[in-house]
Amino acid sequence: MSIQAQLADQQLDRLETLLDDPALPEAMRLDEIQGYLCAALAGPQPIPPEEWLIDALGSEEALETEAGREAAQLLRAFAVELEAELARGEAPVLLLYAKDGDDEGEGPSDYLPWCRAYLEGVDTADEDWFEFLGDADDNAEDSEEITYLDERLFPLMLLTGEAEAAAREHGEDWPEGEARAAMEDECEEDLPQAVADIYRFWAAKRGTKTIRRDEPKVGRNDPCPCGSGKKFKQCCGIT
């Protein structure tokens, strides 16, 4: 059963309305929140709700507003259903908007904001995904786990343009025309199952490796240690 069936349509509609509330000017869109959460719930350690709620709604201050509190309640329910879906290995039905601001929603789906938000969730994680798997030596041969994760992340890298940028940076050819369109279509089709596979990959990994940190972690909403007076995420924590 899809997340839309699990979380009543009227609740999703209400959440979408709240995310547009003037009290939440920096809130993510619903598609971005789903993408971000698919990554935030995965990884070596899930991002705690008190952190991803602030990221989703834009600020701690937004979370304290009436609209923010109601949105947070709906988002917690949304995350519970989404995680249950991913844990079962089910490919989530992606919540996507149409390209070019088509209000009727009849145009082609825009995967870019969803994928960018997912990769933001990867970057926000306390522990770097690939370093956790031992990817510290540029000259070392990739392990099976790193190769597996790379393959599952490929649809996201392609649909955000990062795969093409990396290929061109290294002087590699990149498909054009029909070949390019076919590759993009394949990645759009593969994306939902890929994120479900990534979630289950990390769920299986948790508890098999201890995370150690030599220095206390600076929270993304803590004052930046550089002394700028800004929050860490708005200063040295920018990725």
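Glu 184 is partly exposed in this predicted model, with a relative accessible area of 29%. Its salt-bridge partner is Arg 180, and the closest N and O atoms of the two sit 3.3 Å apart. Arg 180 is partly exposed too, at 23%. Both residues belong to helix α11, and because they are four residues apart, about one helical turn separates them.

That pair doesn't stand alone. Glu 184 and Arg 180 are part of a network of salt bridges that also takes in Glu 164, Arg 168 and Glu 176.

Follow the network to Glu 164 and you land in helix α10, which runs over residues 162–169. Glu 164 is buried there, along with Ala 163 and Ala 167. Look down the axis of α10 and these buried residues fall within an arc of 95°, so they line one face of the helix. What does that buried set pack against? The neighbours are α9, covering 144–159, and α11, covering 177–205. Past the end of α10 comes Gly 171, whose phi is positive, near 75°.

Now for α9 and α11 themselves, which are also joined by salt bridges. Take Lys 205 and Glu 145: they form a salt bridge, with 3.0 Å between the closest N and O atoms. Lys 205 is in helix α11 and Glu 145 in helix α9, so to speak a long way along the chain, since the pair links distant parts that are 60 residues apart. Which side of the cut-off does Lys 205 fall on, buried or exposed? Its relative accessibility is 16%, and because buried means under 20%, Lys 205 counts as buried. Glu 145, at 29%, is partly exposed.

A second salt bridge between these helices pairs Arg 152 with Asp 197, and here the closest N and O atoms are 3.4 Å apart. Arg 152 lies in α9 and Asp 197 in α11, so this pair ties together parts of the chain that are 45 residues apart in sequence. Arg 152 has a relative accessible area of 22%, which makes it partly exposed. How many salt bridges are there in total? The count comes to eleven.

Let's leave the charged side chains and turn to helix α7, residues 112–124. With 13 residues, α7 reaches 18 Å from its first C-alpha to its last, close to the 18 Å expected at 1.5 Å a residue. Plenty of α7 is tucked away: the buried residues are Pro 113, Trp 114, Cys 115, Ala 117, Tyr 118, Leu 119, Gly 121, Val 122 and Thr 124.

Two names on that list deserve a second look. Trp 114 is buried with a relative accessible area of 0%, and Tyr 118 is buried with a value of 0% as well. They sit four residues apart in α7, about one turn of the helix. To describe a pair of aromatic rings, you give the distance of the centres and the angle of the planes. A search of the whole structure turns up six aromatic pairs. Trp 114 and Tyr 118 form one that is stacked, at 6.0 Å centre to centre with 15° between the planes. The angle counts as stacked because it falls under 30 degrees.

The two rings also belong to a wider group. Together with Trp 129, Phe 132, Tyr 148, Phe 201 and Trp 202, Trp 114 and Tyr 118 make up one aromatic cluster.

Key:
Residues are numbered from 1 along each chain as its sequence is written. This is a predicted model: local features need pLDDT of at least 70, side-chain atom pairs count only at pLDDT 80 or more; totals for chains, interfaces and linings use all residues. Side-chain values use heavy atoms; hydrogens and water are left out. Buried means under 20% relative accessible area, exposed over 50%, partly exposed in between (1.4 Å probe, protein chains only). Helices (H or I, at least four residues) and strands (E, at least two) are DSSP runs, numbered from the N terminus. The arc is that of the directions from the helix axis to the C-beta atoms. Contact means heavy atoms within 4.5 Å. A salt bridge is a side-chain nitrogen of Lys or Arg within 4 Å of a carboxyl oxygen of Asp or Glu. The expected span of a helix is 1.5 Å times one less than its number of residues. Rings of Phe, Tyr and Trp (its six-membered ring) pair if their centres lie within 6.5 Å; planes under 30 degrees apart count as stacked, over 60 as edge-to-face and the rest as tilted.
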